[in-house]
Amino acid sequence: MVRRSLMAVAAAAALTTVLSACSSNTKAPSMADVAPVQVYAAGSLREALTEIARQHEARTGQPVALTFGASGLLRERIEKGEPAQVFASADTDHPQRLAARGGWQTPTVFTRNALCALTSEQISATPETLLATLLRADVRVGTSTPRADPSGDYAWALFRKADGVRPGAFAQLDAKALKLTGGADSPKPPAGRGTYAWVMDQRQADVFLTYCTNAVAAQAEVPRLRVVQLPAALQVGAAYGLTVRSDAPAPAATFAQTLLQPSAQAVLQRLGFGKP
């Protein structure tokens, strides 16, 4: 009986040793060990998505890798095989084109934006005088690049609306607009500089048509710049589309859903974006 008791104690001790060794060799996976969700997003979302992604990482332990750029150029990169799992575009057309090719889900609108005019301090424009200002021969009008960047497409939508207000305006604006950003070969600002603040600080344009969120951020960086709202007749809204690769791992869909949740929406709206 004594011998059996001693054997039982020895066996228990051995088992405890084994379990202790296993426990010491097993670590909970760190963020460095987990594959990040690959998110490709419009450049105008940089500040908002950076904040939302960091909140998501802190809450879930799931890392998020963010790639920003002009939505049309990002779509082309995805079509050429880059490993995006979530695509947040500044329009619905580019994500819809991915979905139509197959392999991507039907896009969902997750936030909205609008165009504003960002002007130099030498331009005195109001919403009521903005169109006349844009049409002046001595005023250089900057835009992003259509088809590559939805901001450029929205600018041309504004030009078409302008033609309804003042016949001939489209031809004038189409001919004079300077496509300064958003293209594959567009000059990039120095590190730490916002694109639109830099363009205007370099006096490459007198008026730049861009998202209101971009205009406000540029003014914060270069306070002498002015932000002018568009009059009702020229207003152009921007619906931002969100899509997920069909075969993406579950964390990608989880992050996409996060963008629709109140905490993420609060970040977007605090930075000037609109409700879906």
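Q: What is the volume of the largest pocket, and what makes it a pocket rather than a cavity?
A: In this predicted model, the largest pocket has a volume of about 890 Å³. A pocket is an open set of grid points, whereas a cavity is a set from which a 1.4 Å probe cannot get out, and the space described here is therefore called a pocket because it belongs to the open kind.

Q: How do you know where the largest pocket lies with respect to the two domains?
A: Domain 1 (37-105 + 245-271) and domain 2 (114-234) both give residues to its lining, so the largest pocket lies between them. The lining comprises 35 residues, of which Gly 43, Ser 44, Arg 46, Thr 195 and Tyr 196 lie nearest the centre. Helix 9 supplies the largest share of that lining, six residues, and the elements that supply at least two residues each include helix 2 (46-60), strand 2 (64-69) and helix 8 (195-201).

Q: What is the make-up of the lining of the largest pocket by class?
A: The lining has 16 nonpolar, 13 polar and six charged residues.

Q: Why is Glu 79 called partly exposed?
A: The relative accessibility of Glu 79 is 28%, and because partly exposed covers the range between the 20% limit for buried and the 50% limit for exposed, Glu 79 counts as partly exposed. Glu 79 is found in helix 3 (residues 71-79), and, leaving out residues up to four places away in sequence, it touches Leu 98 and Arg 101.

Q: Why is Arg 147 classed as exposed, and Arg 203 as partly exposed?
A: Exposed requires over 50% relative accessible area, so Arg 147, at 67%, counts as exposed, while Arg 203, at 33%, counts as partly exposed because 33% falls between the two limits. Arg 147 is found in the loop between strand 5 (141-144) and helix 6, and Arg 203 in the loop between helix 8 and strand 7 (207-211).

Q: What makes the phi values of Arg 147 and Arg 203 worth a remark?
A: Most residues other than glycine have a negative phi. Phi of Arg 147 is near 75° and phi of Arg 203 is near 55°, each a positive value in a residue other than glycine.

Q: How do you know where the largest nonpolar core lies?
A: Of the 54 residues in this core, those that touch the most other members include Leu 45, Phe 110 and Tyr 240. Helix 6 (residues 150-165) gives the largest share, six residues, and because domain 1 and domain 2 both contribute residues, the core lies between them.

Notes
Residues numbered from 1 in each chain as written. Predicted model: local features only at pLDDT ≥ 70, side-chain atom pairs only at ≥ 80, totals over all residues. Heavy atoms only, no water. Helix = DSSP H or I, 4+ residues; strand = E, 2+ residues; numbered from the N terminus. Buried < 20%, exposed > 50% of the residue type's maximum accessible area, 1.4 Å probe, protein only. Contact = heavy atoms within 4.5 Å. 1 Å grid on protein atoms, 1.4 Å probe; cavity = no way out; pocket = protein on both sides within 12 Å on 5 of 7 lines; lining within 4 Å. Points joined across faces, edges and corners; volume = space filled by probe spheres on them. Nonpolar A, V, L, I, M, F, W, Y, C, P; charged D, E, K, R; others polar. Domains from an automatic or database assignment. Core = buried A, V, L, I, M, F, W, Y, C linked by side-chain atoms within 4.5 Å.
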